[in-house]
Amino acid sequence: MKIIPRLHITAGISLALGMLICAAAAAAAAPAPASCKGIFSGKASQLEASNMQAGWQLASPDGNLTIRAQAGELVLQNHDGKTAKLGVMAQPDLTEVLWSADSRYLAINTSDGGAVGTWEAKLFAVDAQGQPAAIDLSDITQKISKKTLRCKPQEVANFAALAWVKQDLLLLAEVPPHSSCANMGQILGFRVALTSKKLMKVFSEKSLRANRQELLGCRFSKQ
(Lines give C-alpha, C1' and ligand atoms only; values in the text may rest on other atoms or scores of the structure.)
Protein backbone atom coordinates (compact mmCIF):
# COMPACT_ATOMS: atom_id res chain seq x y z
CA MET A 1 0.00 0.00 0.00
CA LYS A 2 1.36 3.40 -0.96
CA ILE A 3 1.46 5.85 1.92
CA ILE A 4 0.75 9.47 1.04
CA PRO A 5 2.72 11.86 3.20
CA ARG A 6 0.53 13.69 5.72
CA LEU A 7 2.04 16.99 4.63
CA HIS A 8 0.64 16.53 1.14
CA ILE A 9 -2.82 15.65 2.47
CA THR A 10 -2.87 18.69 4.75
CA ALA A 11 -1.70 20.95 1.97
CA GLY A 12 -4.36 19.55 -0.37
CA ILE A 13 -7.15 20.12 2.17
CA SER A 14 -5.91 23.64 2.92
CA LEU A 15 -5.82 24.46 -0.79
CA ALA A 16 -9.35 23.13 -1.32
CA LEU A 17 -10.69 25.05 1.67
CA GLY A 18 -8.96 28.18 0.47
CA MET A 19 -10.54 27.84 -2.96
CA LEU A 20 -14.01 27.36 -1.42
CA ILE A 21 -13.61 30.40 0.83
CA CYS A 22 -12.43 32.54 -2.10
CA ALA A 23 -15.35 31.37 -4.24
CA ALA A 24 -17.87 32.15 -1.48
CA ALA A 25 -16.37 35.59 -0.91
CA ALA A 26 -16.45 36.33 -4.63
CA ALA A 27 -20.10 35.28 -4.85
CA ALA A 28 -21.07 37.47 -1.89
CA ALA A 29 -19.19 40.44 -3.34
CA ALA A 30 -20.46 39.93 -6.89
CA PRO A 31 -22.23 43.05 -8.18
CA ALA A 32 -25.95 42.95 -8.87
CA PRO A 33 -26.99 42.51 -12.51
CA ALA A 34 -26.56 45.73 -14.46
CA SER A 35 -30.23 45.71 -15.47
CA CYS A 36 -31.59 45.87 -11.92
CA LYS A 37 -32.44 49.09 -10.09
CA GLY A 38 -33.19 50.02 -6.50
CA ILE A 39 -32.90 47.95 -3.35
CA PHE A 40 -36.37 46.53 -2.75
CA SER A 41 -38.15 48.47 -5.49
CA GLY A 42 -37.06 48.73 -9.11
CA LYS A 43 -39.11 51.95 -9.34
CA ALA A 44 -37.49 53.76 -6.41
CA SER A 45 -34.77 56.39 -6.30
CA GLN A 46 -31.96 55.07 -4.11
CA LEU A 47 -29.67 57.07 -1.85
CA GLU A 48 -26.06 56.09 -2.56
CA ALA A 49 -22.77 57.36 -1.18
CA SER A 50 -21.95 58.94 -4.55
CA ASN A 51 -25.18 60.89 -4.97
CA MET A 52 -25.24 61.84 -1.27
CA GLN A 53 -21.95 63.68 -1.72
CA ALA A 54 -23.41 65.53 -4.68
CA GLY A 55 -26.42 66.62 -2.63
CA TRP A 56 -29.13 64.02 -3.20
CA GLN A 57 -32.67 65.24 -3.86
CA LEU A 58 -35.80 64.04 -5.63
CA ALA A 59 -38.51 66.36 -6.95
CA SER A 60 -42.16 65.38 -6.87
CA PRO A 61 -43.74 64.59 -10.27
CA ASP A 62 -45.53 67.96 -10.31
CA GLY A 63 -42.28 69.77 -9.47
CA ASN A 64 -43.70 71.64 -6.47
CA LEU A 65 -41.99 69.64 -3.73
CA THR A 66 -38.55 68.16 -3.20
CA ILE A 67 -37.33 65.53 -0.78
CA ARG A 68 -33.66 65.91 0.01
CA ALA A 69 -30.93 64.93 2.44
CA GLN A 70 -30.06 67.57 5.03
CA ALA A 71 -27.76 67.11 8.02
CA GLY A 72 -28.07 63.34 7.85
CA GLU A 73 -31.86 63.15 7.58
CA LEU A 74 -34.57 63.49 4.95
CA VAL A 75 -36.61 66.68 4.73
CA LEU A 76 -39.44 67.79 2.48
CA GLN A 77 -39.08 71.23 0.89
CA ASN A 78 -41.90 73.18 -0.73
CA HIS A 79 -41.72 75.76 -3.54
CA ASP A 80 -41.21 78.59 -0.97
CA GLY A 81 -38.11 76.89 0.39
CA LYS A 82 -39.71 75.89 3.69
CA THR A 83 -38.77 72.43 4.95
CA ALA A 84 -40.48 69.81 7.08
CA LYS A 85 -38.62 66.97 8.77
CA LEU A 86 -39.76 63.43 7.96
CA GLY A 87 -38.10 61.69 10.89
CA VAL A 88 -36.13 59.38 8.57
CA MET A 89 -32.35 59.12 8.48
CA ALA A 90 -30.63 59.63 5.12
CA GLN A 91 -28.60 56.42 4.96
CA PRO A 92 -26.65 55.59 1.79
CA ASP A 93 -27.59 52.17 0.37
CA LEU A 94 -30.24 51.74 3.08
CA THR A 95 -32.83 54.25 1.87
CA GLU A 96 -34.97 54.56 -1.26
CA VAL A 97 -37.87 56.86 -2.13
CA LEU A 98 -41.02 56.62 -4.27
CA TRP A 99 -43.34 59.51 -5.11
CA SER A 100 -46.92 58.78 -6.20
CA ALA A 101 -47.80 60.03 -9.69
CA ASP A 102 -50.08 62.76 -8.31
CA SER A 103 -47.42 63.98 -5.81
CA ARG A 104 -49.83 63.48 -2.91
CA TYR A 105 -48.08 60.49 -1.36
CA LEU A 106 -44.54 59.56 -0.48
CA ALA A 107 -43.03 56.19 0.44
CA ILE A 108 -39.57 55.73 1.94
CA ASN A 109 -38.01 52.29 2.37
CA THR A 110 -35.43 52.34 5.15
CA SER A 111 -33.55 49.96 7.45
CA ASP A 112 -32.62 50.32 11.10
CA GLY A 113 -30.13 47.45 11.07
CA GLY A 114 -28.12 47.33 7.86
CA ALA A 115 -28.89 45.39 4.69
CA VAL A 116 -30.47 42.46 6.53
CA GLY A 117 -32.98 44.72 8.28
CA THR A 118 -35.32 45.36 9.89
CA TRP A 119 -36.73 47.22 6.84
CA GLU A 120 -39.80 49.42 7.02
CA ALA A 121 -41.88 51.42 4.56
CA LYS A 122 -42.48 54.92 5.93
CA LEU A 123 -45.58 56.37 4.28
CA PHE A 124 -46.77 59.97 4.12
CA ALA A 125 -49.69 61.93 2.72
CA VAL A 126 -48.47 65.37 1.59
CA ASP A 127 -50.60 68.50 1.27
CA ALA A 128 -50.14 71.35 -1.20
CA GLN A 129 -47.95 73.29 1.25
CA GLY A 130 -45.58 70.36 1.60
CA GLN A 131 -46.69 69.31 5.07
CA PRO A 132 -46.39 65.52 5.54
CA ALA A 133 -48.75 63.38 7.60
CA ALA A 134 -47.61 59.86 8.47
CA ILE A 135 -49.81 56.95 7.37
CA ASP A 136 -49.94 53.99 9.76
CA LEU A 137 -50.48 50.54 8.23
CA SER A 138 -49.26 48.59 11.26
CA ASP A 139 -52.58 46.73 11.65
CA ILE A 140 -52.09 45.23 8.19
CA THR A 141 -48.34 44.62 8.40
CA GLN A 142 -48.57 42.95 11.81
CA LYS A 143 -51.18 40.51 10.54
CA ILE A 144 -49.14 39.70 7.44
CA SER A 145 -45.98 39.27 9.49
CA LYS A 146 -47.66 36.93 11.96
CA LYS A 147 -49.28 34.87 9.22
CA THR A 148 -46.24 34.63 6.93
CA LEU A 149 -43.23 34.14 9.20
CA ARG A 150 -42.23 30.71 10.47
CA CYS A 151 -39.52 31.79 12.87
CA LYS A 152 -38.49 30.63 16.34
CA PRO A 153 -38.39 32.86 18.23
CA GLN A 154 -41.01 34.97 16.45
CA GLU A 155 -39.56 37.83 14.41
CA VAL A 156 -40.86 40.77 12.37
CA ALA A 157 -40.96 40.76 8.57
CA ASN A 158 -39.13 43.29 6.43
CA PHE A 159 -41.57 45.59 4.63
CA ALA A 160 -41.00 47.86 1.64
CA ALA A 161 -43.03 49.81 -0.91
CA LEU A 162 -42.74 48.52 -4.49
CA ALA A 163 -44.90 50.81 -6.62
CA TRP A 164 -47.86 53.16 -6.59
CA VAL A 165 -51.02 52.00 -8.34
CA LYS A 166 -53.08 55.21 -8.53
CA GLN A 167 -53.87 55.88 -4.84
CA ASP A 168 -53.16 52.30 -3.85
CA LEU A 169 -49.73 51.06 -2.87
CA LEU A 170 -48.15 47.73 -3.74
CA LEU A 171 -45.89 46.60 -0.92
CA LEU A 172 -43.59 43.64 -0.31
CA ALA A 173 -43.07 41.56 2.81
CA GLU A 174 -39.85 39.58 3.21
CA VAL A 175 -39.17 36.87 5.78
CA PRO A 176 -35.89 37.92 7.46
CA PRO A 177 -32.88 36.07 6.00
CA HIS A 178 -32.16 34.49 9.38
CA SER A 179 -31.48 30.81 10.00
CA SER A 180 -34.07 30.91 12.79
CA CYS A 181 -36.80 31.25 10.11
CA ALA A 182 -37.82 28.04 8.35
CA ASN A 183 -38.93 30.05 5.30
CA MET A 184 -36.10 32.61 5.41
CA GLY A 185 -36.02 34.96 2.45
CA GLN A 186 -39.55 34.19 1.25
CA ILE A 187 -41.43 37.19 -0.16
CA LEU A 188 -45.02 38.11 -0.93
CA GLY A 189 -46.73 41.21 -2.24
CA PHE A 190 -49.87 42.97 -1.09
CA ARG A 191 -51.89 45.92 -2.34
CA VAL A 192 -53.34 48.45 0.10
CA ALA A 193 -55.86 51.25 -0.51
CA LEU A 194 -54.36 54.13 1.46
CA THR A 195 -57.55 56.16 1.76
CA SER A 196 -59.36 53.33 3.53
CA LYS A 197 -56.30 51.44 4.83
CA LYS A 198 -57.86 48.30 3.41
CA LEU A 199 -55.93 45.25 2.23
CA MET A 200 -57.06 44.75 -1.36
CA LYS A 201 -55.05 41.78 -2.61
CA VAL A 202 -52.15 39.47 -1.74
CA PHE A 203 -49.63 38.16 -4.30
CA SER A 204 -47.49 35.07 -3.86
CA GLU A 205 -43.76 35.15 -4.59
CA LYS A 206 -44.42 33.09 -7.71
CA SER A 207 -46.96 35.64 -8.92
CA LEU A 208 -44.65 38.58 -8.17
CA ARG A 209 -41.75 37.07 -10.07
CA ALA A 210 -43.91 35.95 -12.99
CA ASN A 211 -45.94 39.12 -13.46
CA ARG A 212 -44.13 41.97 -11.66
CA GLN A 213 -40.44 41.14 -11.81
CA GLU A 214 -39.71 44.64 -13.14
CA LEU A 215 -40.93 46.10 -9.83
CA LEU A 216 -38.44 44.10 -7.77
CA GLY A 217 -35.13 45.74 -6.88
CA CYS A 218 -31.63 44.32 -6.98
CA ARG A 219 -32.19 42.43 -3.72
CA PHE A 220 -34.51 40.09 -5.60
CA SER A 221 -33.02 40.10 -9.09
CA LYS A 222 -32.68 36.74 -10.77
CA GLN A 223 -29.06 35.67 -10.97
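How many helices and strands are there in the protein? The count is four helices and 13 strands, and keep in mind that this is a predicted model. Of the 223 residues, 39% count as buried. If you look at contacts with a separation of 6 or more, 48% of them join residues 24 or more positions apart. Strand E8 (residues 119-126) is a good place to start: it contains Trp119, supplies at least two residues of the largest nonpolar core and gives the largest share of the lining of the largest pocket.

**Aromatic pairs**

- The model has four aromatic pairs.
- One of them is Phe40 with Trp119, where the ring centres are 4.9 Å apart and the planes sit at 55°, so this pair counts as tilted. The tilted class takes in angles that are neither under 30 degrees (stacked) nor over 60 (edge-to-face).
- The two partners come from distant parts of the chain, 79 residues apart. Phe40 is in the loop between helix H1 (6-29) and strand E1 (45-46), while Trp119 belongs to E8.
- Buried or exposed? Both Phe40 and Trp119 are buried.
- Phe220 joins Phe40 and Trp119 to make one aromatic cluster.

**The nonpolar core**

- The largest nonpolar core holds 25 residues.
- Which residues have the most contacts inside this core? They are Leu123, Phe190 and Leu194.
- Several elements each put in at least two residues: strand E7 (105-111), E8, helix H3 (138-148), strand E10 (158-165), strand E11 (168-174) and strand E12 (187-193).
- Leaving aside residues up to four places away in sequence, Leu123 touches Leu106, Ala107, Ala133, Ala134, Ile135, Leu137, Leu169 and Leu194. Leu194 is thus a contact of Leu123 and is itself listed with Leu123 among the residues with the most contacts inside the core.

**The largest pocket**

- The largest pocket offers about 490 Å³ of space.
- It is lined by 27 residues, and the closest to its centre are Trp119, Glu120, Ala121, Lys122 and Thr141. Trp119 is also the ring partner of Phe40 in the tilted pair.
- Two or more lining residues come from each of strand E5 (83-89), E7, E8, strand E9 (132-135) and H3.
- Which element gives the largest share of the lining? That would be E8, with six residues.
- By residue type, the lining splits into 13 nonpolar, nine polar and five charged.
- E7, E8 and H3 turn up in the list for the pocket lining and also in the list for the largest nonpolar core.

Definitions and conventions: Residues numbered from 1 in each chain as written. Predicted model: local features only at pLDDT ≥ 70, side-chain atom pairs only at ≥ 80, totals over all residues. Heavy atoms only, no water. Phe/Tyr/Trp six-rings, centres within 6.5 Å; stacked < 30°, edge-to-face > 60°. Buried < 20%, exposed > 50% of the residue type's maximum accessible area, 1.4 Å probe, protein only. Core = buried A, V, L, I, M, F, W, Y, C linked by side-chain atoms within 4.5 Å. Contact = heavy atoms within 4.5 Å. 1 Å grid on protein atoms, 1.4 Å probe; cavity = no way out; pocket = protein on both sides within 12 Å on 5 of 7 lines; lining within 4 Å. Points joined across faces, edges and corners; volume = space filled by probe spheres on them. Nonpolar A, V, L, I, M, F, W, Y, C, P; charged D, E, K, R; others polar.
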